[in-house]
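Trainee: I'm new to this one. Could you walk me through how to read it?

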Amino acid sequence: MAGSGTAHLRDDRDDIVLRVEDLVVEFPAGRGRKVHAVSGISFDVAAKETLGIVGESGCGKSTTGKAIMRLVPLSGGTITFNGAEISSLRGSKLRALRQELQMIFQDPVSSINPRRPIGDVVAEPLEIWGHEGDTGSVVDKVLYDVGLDPEIARPKRRHEFSGGQCQRICIARALVLDPDVIICDEPVSALDVSVQAQILNLLEDMKERYGLTLVFIAHDLAVVKNVSDRVAVMYLGKICEIASPDDLYQGPSHPYSAALLSAIPLPDPTVVPDTVALDGDLPSPMNPPSGCRFRTRCPRAEERCAQEEPLVREIGPDHYVACHFPLVGGVAPPAGSTPVGVGSQR
Amino acid sequence: MARRRITAATNHTDTPLLEVEDLRTSFRTPRGRVRAVNGVSLTLERGRTLGVVGESGSGKTVLARSIMGLLPRSNVERTGTIRYDGTDISDYSQAEMRHVWGPEMAMVFQDPMTSLNPVMRVGRQITESLRYHMDMDKAEANDLAVALLTSVGIPEPAKRVREYPHQLSGGMRQRVVIAIALACGPKLLLADEPTTALDVTVQAQILNLLDAQQRERFMAMVLVTHDLGVVAGRAHDIAVMYAGKIVEKATATRLFASMRMPYTEALLESIPKLEYRSHTRLASIPGRPPDLVNPPKGCSFAPRCRYAQERCLEEEPPLVPADDPGHLYACHFPVGTEAGREALARNEAEGRTPAQDEAEVSIVQPAGSGA
């Protein structure tokens with residue numbers, strides 16, 4: 001299947017914290033139809049690593065994050081966390097898992113209870129898990145760590161804070177249980193550029209201080225590049241490309257990654273904006289295209305792309321792509337040259 | 001109803017299309033008067049794009065709405081003059097503005113999810129203004145609506161006019177909003193954060209579309225955004241707003257080549273750039289914009305500025321011209337000058353700026369490196 005395959009999983013490493021294999025999430029859409037939100041993706045995250053997941057709205061990146069948290073029902077695949085399979089956990093065992101696995105959501109304001117003081121909001125995870133000892137001092141420390149004055153912040157409610165401060169509170173709430181992994185689902189897309197920079201720096205600091213492993217989901221490749229150690233590009237429920245952020249920027253191999261990169265507005269008036277931006281919208285996930293799912297918008301699509309789904313394969317050191325006709329060094333290889341990896345399959 | 005229509009007869013091609021002079025808009029609130037726009041003057045020529053940039057709460061949306069006359073009816077005070085095509089429209093009533101909206105100026109709003117009527121077909125929302133302003137009959141208006149949807153790049157437009165907004169994606173809806181704004185052929189288009197709610201790829205599409213339409217129709221455009229990257233390649237001129245005032249204004253190339261205002265510099269530096277290696281620490285602007293009920297004395301950016309000196313806390317810098325014609329800035333210690341370099345060096349030597357208490361985390365060092 002397009003974008004499937006497990007060539008990019010690092011079986012040789014023993015510090016893999018989170019491993020997702022052939023994850024499938026489908027939602028019923030009535031009359032026997034299904035929304036194919038996530039269609040067989042695999043990835044792994046090593047300890048203290050940040051995996052960035054990037055793609056347009058509707059590509060399944062948020063569903064992937066929620067599936068790891070087990071907030072949506074899985075239709076297939078396995079999720080392994082610290083060596084234990086968690087995809088079939090239920091009830092209290094599943095709830096206990098969330099002490100280790102926390103999430104930060106996109107809209108910081110609506111993810112805080114408007115009627116409770118911030119001190120209570122941040123202390124709640126501790127109360128639920130019967131934290132022994134001084135809850136107050138733990139809350140104060142974590143509020144201080146995220147850059148808020150605990151004395152001032154604790155009695156206030158969310159409407160007294162700006163968007164950026166609310167996101168700090170959400171980060172504090174996620175940190176208070178000292179989790180291993182935090183899933184950040186578009187944590188900065190609702191914020192101003194200036195505040196975005198503050199929150200990104202804060203996440204990097206917290207990762208360092210609390211020894212966190214992060215899954216960072218966003219639609220802005222520049223933001224993802226800045227925080228990630230490895231980036232996975234998703235399109236319509238599939239993985240297109242997975243690489244280190246610097247490699248991905250230097251030489252995107254998948255035409256979709258290249259299109260995403262060219263769509264970022266550059267703060268430089270001497271650069272003429274790219275007018276060959278990606279056309280059209282994402283196809284419906286209820287009826288995804290055959291073969292490679294990107295072929296309907298791909299400038300390089302050929303007959304083969306409709307017939308055969310490309311598998312994820314290695315095209316460079318720690319650089320994997322799912323495409324029949326990948327770009328070389330960010331540009332199309334000269335006509336007539338054999339696409340990498342095609343010869344072996346014929 | 002007094003009919004002061006702006007007709008073709010008043011078209012003075014030698015006067016600027018839009019002149020705003022000392023515009024002040026304030027809102028009465030229980031806490032006091034919020035001065036959202038506090039003395040803004042600008043001119044816009046035909047066929048040019050002005051980018052208005054600033055953080056949330058800098059007054060850029062209120063500026064656009066003040067020009068459009070789309071302010072709430074009560075608890076608002078607007079002073080200053082707005083001249084459109086040589087005609088003073090600042091005291092126009094809502095009834096009079098109705099003849100301006102559509103054929104003269106139109107607006108594209110931030111959120112395409114909420115700016116369309118959810119229970120009205122897309123086609124009818126476009127034809128509404130055509131039938132009102134252009135005296136078209138149903139069939140004519142419908143044909144034009146289809147043509148407009150084609151021109152904004154919507155596939156199968158004849159089918160789409162019969163659909164409701166919920167049947168369209170976010171990008172499609174924003175295209176419909178643009179089609180509605182363009183329907184009566186406005187000479188001035190105000191786009192208020194037209195792409196903030198959209199994906200990067202769709203953002204590029206919508207900006208390209210606005211660009212093409214503007215060139216084709218020789219419209220003037222005001223593009224309001226918080227992202228300097230969005231206006232860099234698209235606007236001819238850029239005005240940077242902070243706390244209800246324009247703090248720097250220049251042509252786009254000039255602004256990026258030799259910015260004078262520390263706020264502009266800080267805004268630009270806070271954008272994560274693709275050419276940075278991953279895990280580069282971003283320069284953020286500490287703190288948040290000032291309270292517009294009780295703005296601080298002196299320069300309103302001083303509390304967050306790394307160039308700030310004692311003088312900035314006392315004396316508000318006026319908007320003064322730089323060496324290049326058309327470049328204005330409001331700063332006592334501008335970036336890229338001897339005074340600015342000295343001010344920064346002094347603050348770095350001190351480890352703090354005069355605006356900060358010693359207890360506060362230093363803003364001269366990158367945020368977060370302490371503590």
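Mentor: Sure. One term to begin with: helices here are DSSP runs of at least four residues, strands are runs of at least two, and both are numbered from the N terminus. Also keep in mind that this is a predicted model.

Trainee: How many helices and strands does chain A have?

Mentor: Chain A comes to 11 helices and 12 strands.

Trainee: And what overall shape does chain A have?

Mentor: For that, compare the radius of gyration with what a compact globule would give. With 346 residues, that would be near 20 Å, and chain A has 21 Å, which agrees. The C-alpha trace spans about 70 × 50 × 45 Å along its principal axes. Of the 346 residues in chain A, 48% count as buried. You can also ask how far along the sequence contacts reach: among contacts in chain A between residues at least 6 apart, 68% join residues at least 24 apart.

Trainee: How many residues does each chain bring to the contact?

Mentor: Chain A brings 42 residues and chain B brings 45. On the chain A side, helices H7 (193-210), H8 (221-227), H9 (245-250) and H10 (255-263) each supply at least two residues. H7(A) gives the most, with nine residues. By class, that side of chain A has 22 nonpolar, 10 polar and 10 charged residues.

Trainee: Let's turn to sheets. In what order do the strands of the open sheet in chain B come?

Mentor: Reading a sheet means following neighbours rather than strand numbers. The open sheet of eight strands in chain B goes S6-S7-S8-S3-S9-S10-S12-S11, with mixed pairing. Strands S6 (105-108) and S11 (320-321) stand at the edges with a single partner strand each, so one side of each has no neighbour in the sheet.

Trainee: Is strand S9 of chain B enclosed or open?

Mentor: Count its buried residues. Six of the six residues of S9(B), residues 237-242, are buried, so the strand is largely enclosed by the rest of the structure. Both faces are covered: B:Asp237, B:Ala239 and B:Met241 are buried on one side, and B:Ile238, B:Val240 and B:Tyr242 on the other.

Trainee: Which strands pair with S9(B), and in which direction?

Mentor: Strand S3(B), residues 49-53, runs parallel to S9(B), with four bridges joining them. There, B:Val53 stands opposite B:Val240. Strand S10(B), residues 245-251, runs antiparallel to S9(B) and is joined to it by six bridges. In this pair B:Ala239 stands opposite B:Lys249. The hairpin of S9(B) and S10(B) has two residues between the strands, and B:Ala243 takes a positive phi near 50° there. Moving on through the sheet, two bridges join S10(B) to S12(B), residues 328-329, and these strands run antiparallel. B:Lys249 turns up again here, opposite B:Leu328.

Trainee: Now a helix, please. Where do the buried residues of H12(B) fall?

Mentor: Start with the general idea: an α-helix has 3.6 residues a turn, so residues three or four places apart point the same way. In H12(B), the buried residues are B:Ala343, B:Leu344 and B:Asn347. Seen down the helix axis, they fall within an arc of 95°, so they line one face. The face turned away from them carries the exposed residues B:Glu338, B:Ala345 and B:Ala349.

Trainee: What span should H12(B) have, and what follows the helix?

Mentor: At 1.5 Å a residue, its 13 residues (338-350) should span 18 Å, and the end C-alpha atoms are 18 Å apart, which agrees. After H12(B) comes B:Gly351, whose phi is positive, near 85°.

Conventions: Residues numbered from 1 in each chain as written. Chains lettered and ligands numbered in written order. Predicted model: local features only at pLDDT ≥ 70, side-chain atom pairs only at ≥ 80, totals over all residues. Expected span 1.5 Å × (residues − 1). Buried ≥ 20, exposed ≤ 12 C-beta atoms within 10 Å, placed from the backbone. Arc of directions from axis to C-beta. Contact = placed C-beta atoms within 7 Å. Nonpolar A, V, L, I, M, F, W, Y, C, P; charged D, E, K, R; others polar. Rg over C-alpha atoms; globule rule 2.2 N^0.38 Å. Pairing = 2+ DSSP bridges.
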